[in-house]
There are 2 protein chains.
Amino acid sequence: MNTEPIMVKMALDAWYTQVKRTDELFTELTDEQLLKEVAPGRNRGVYLLGHLVAVHDRMRPLLGFGEPLHPELYAPFIEQADTKKDMGTTTNDLRLWWKEVNSGLADNFSKLSTDAWFQRHSSVSEEDFAKEPHRNKLNLVMNRTNHLTSHLGQLIFLRTKETGS
Amino acid sequence: MNTEPIMVKMALDAWYTQVKRTDELFTELTDEQLLKEVAPGRNRGVYLLGHLVAVHDRMRPLLGFGEPLHPELYAPFIEQADTKKDMGTTTNDLRLWWKEVNSGLADNFSKLSTDAWFQRHSSVSEEDFAKEPHRNKLNLVMNRTNHLTSHLGQLIFLRTKETGS
């Protein structure tokens, strides 16, 4: 049995499952709910939305899909913590970019061959990859899936308690 | 290149990374901190600790490692929501069992051959597995890694704000 395509399916299924769950949550939450902190003194929903867009957008160069679509999000949503003030980007734009970035990744994912998934991602040198062949593109997606899941676990606190878990 | 051992390493590395992070957090948090809700009206730390022990313990039968070590945790920590009262188990016992269950899994993981990781887990029938060969033991570990990460993202809110993120 050739397990390589199976492994790609396992990792991508997990990615798409968590993206879909997060997407449904963002659709459900109002702009007003997103402006609230997920827990007292913690990040606001809108910051985590921008953070996830920025982190997913940076998967493009790492996976060889091209430059980030919204490089201006790097400073406010990755380098800097939540200022709890207007971040210079509207919630509506972040909502649109969340869909745009994930949909662009999905297009690129669908074009990648099984072999390509087991090639290095661009933050690993050829020399390091020879010693650590697990640092491939599929592994990057698995790591980002866990990153997303961690923040999704926080974002569900923005739901009203009747429907949250 | 035979990528199967690489795939097993990718999935297990992710599991061990998240177990270690959670383990460090539980070590850092006092019993008093664990008795607090992770966010207003949400689960207490001690409930999530019991929940993670119970869910990881149930990986044993699913992966063919034997019966759960603490089946009595299933009702209070998986079937039922957090009662916000004494759950009939001390925090200290839950702390010990968290280490016991994960360490037992690690022992069993280390004995599993690469081929065995791509065999079905016990909640999938042979018939379904023939159609859906991605529902293997390694996939179960990947799913449980995401489950753990989701709750770890919530548990870090129990840290004092100076050190939390």
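**Entry 1: a side chain and a backbone oxygen**

I began at Asn139(A), where a polar atom of the side chain lies 3.2 Å from the backbone oxygen of His134(A). I am working on a predicted model, in which local features need pLDDT of at least 70 and side-chain atom pairs count only at pLDDT 80 or more, while totals for chains, interfaces and linings use all residues. For my own bookkeeping, residues are numbered from 1 along each chain as its sequence is written, chains are lettered from A and ligands numbered from 1 in the order in which they are written, and side-chain values use heavy atoms, with hydrogens and water left out.

I placed Asn139(A) in helix α9 of chain A, where helices are DSSP runs of H or I with at least four residues, strands are runs of E with at least two, and both are numbered from the N terminus. I then asked whether Asn139(A) is buried or exposed. Asn139(A) is buried, with a relative accessible area of 11%; buried means under 20%, exposed means over 50%, and partly exposed is in between, with a 1.4 Å probe and protein chains only. Leaving aside neighbours within four places in sequence, I found Asn139(A) in contact with His134(A) and Met10(B), contact meaning heavy atoms within 4.5 Å.

**Entry 2: how the two chains are related**

I next laid chain A on chain B, which takes a turn of 180° and a shift of 0.0 Å along the axis and gives an RMSD of 0.0 Å; the superposition is by least squares on the C-alpha atoms of residues with pLDDT of at least 70 in both copies. The two copies are therefore related as by a two-fold rotation axis. In chain A, I noted that the C-alpha nearest this axis belongs to Ser150(A), at 2.1 Å from it.

**Entry 3: the interface**

I looked up how many residues the contact takes from each chain. It takes 36 residues from chain A and 36 residues from chain B. Because 100% of the interface residues of chain A are also interface residues in chain B, the copies meet through the same surface.

Between them, chain A and chain B bury about 3100 Å², and 66% of it is on carbon and sulfur atoms; this buried area is the accessible area (1.4 Å probe) that two parts lose on being put together, summed over both. In chain A, I found that Met10(A), Arg42(A) and Phe157(A) lose the most area to chain B, together 23% of what that side buries.

I counted 10 residue pairs in polar contact between chain A and chain B, both residues being at pLDDT 80 or more. A polar contact is a pair of N or O atoms within 3.5 Å; within protein, one must be able to donate a hydrogen and the other to accept it, and residues adjacent in sequence count only if both atoms are side-chain atoms. The elements of chain A that give two or more residues to the side touching chain B are α1 (4–28) and α9 (137–155).

I also followed Gln18(B), which lies in helix α1 of chain B and is buried at a relative accessible area of 7%. Not counting residues up to four places away in sequence, Gln18(B) touches Asn146(A) from the other chain, and Thr145(B), Leu148(B), Thr149(B) and Leu152(B).

**Entry 4: salt bridges**

I then searched for salt bridges, each a side-chain nitrogen of Lys or Arg within 4 Å of a carboxyl oxygen of Asp or Glu. The whole structure has 20 of them over all chains, whereas the interface of chain A and chain B has zero.

One of them joins Lys9(A) and Asp13(A), with the closest N and O atoms 3.1 Å apart. Both residues lie in helix α1 of chain A, four residues apart, which is about one turn of the helix. Lys9(A) is partly exposed at 38%, and Asp13(A) is partly exposed at 29%.

Another joins Asp31(A) and Arg95(A), at 2.9 Å between the closest N and O atoms. This pair links distant parts of the chain, with Asp31(A) in helix α2 (residues 31–34) and Arg95(A) in helix α6, 64 residues apart. I noted that Asp31(A) is partly exposed at 39%, while Arg95(A) is buried at 18%.

**Entry 5: a positive phi**

Last, I looked at Lys84(A), which has a positive phi of about 65° although it is not a glycine. Most residues other than glycine have a negative phi. Lys84(A) lies in the loop between α5 (74–79) and α6 (91–111) of chain A, and is partly exposed at 34%.
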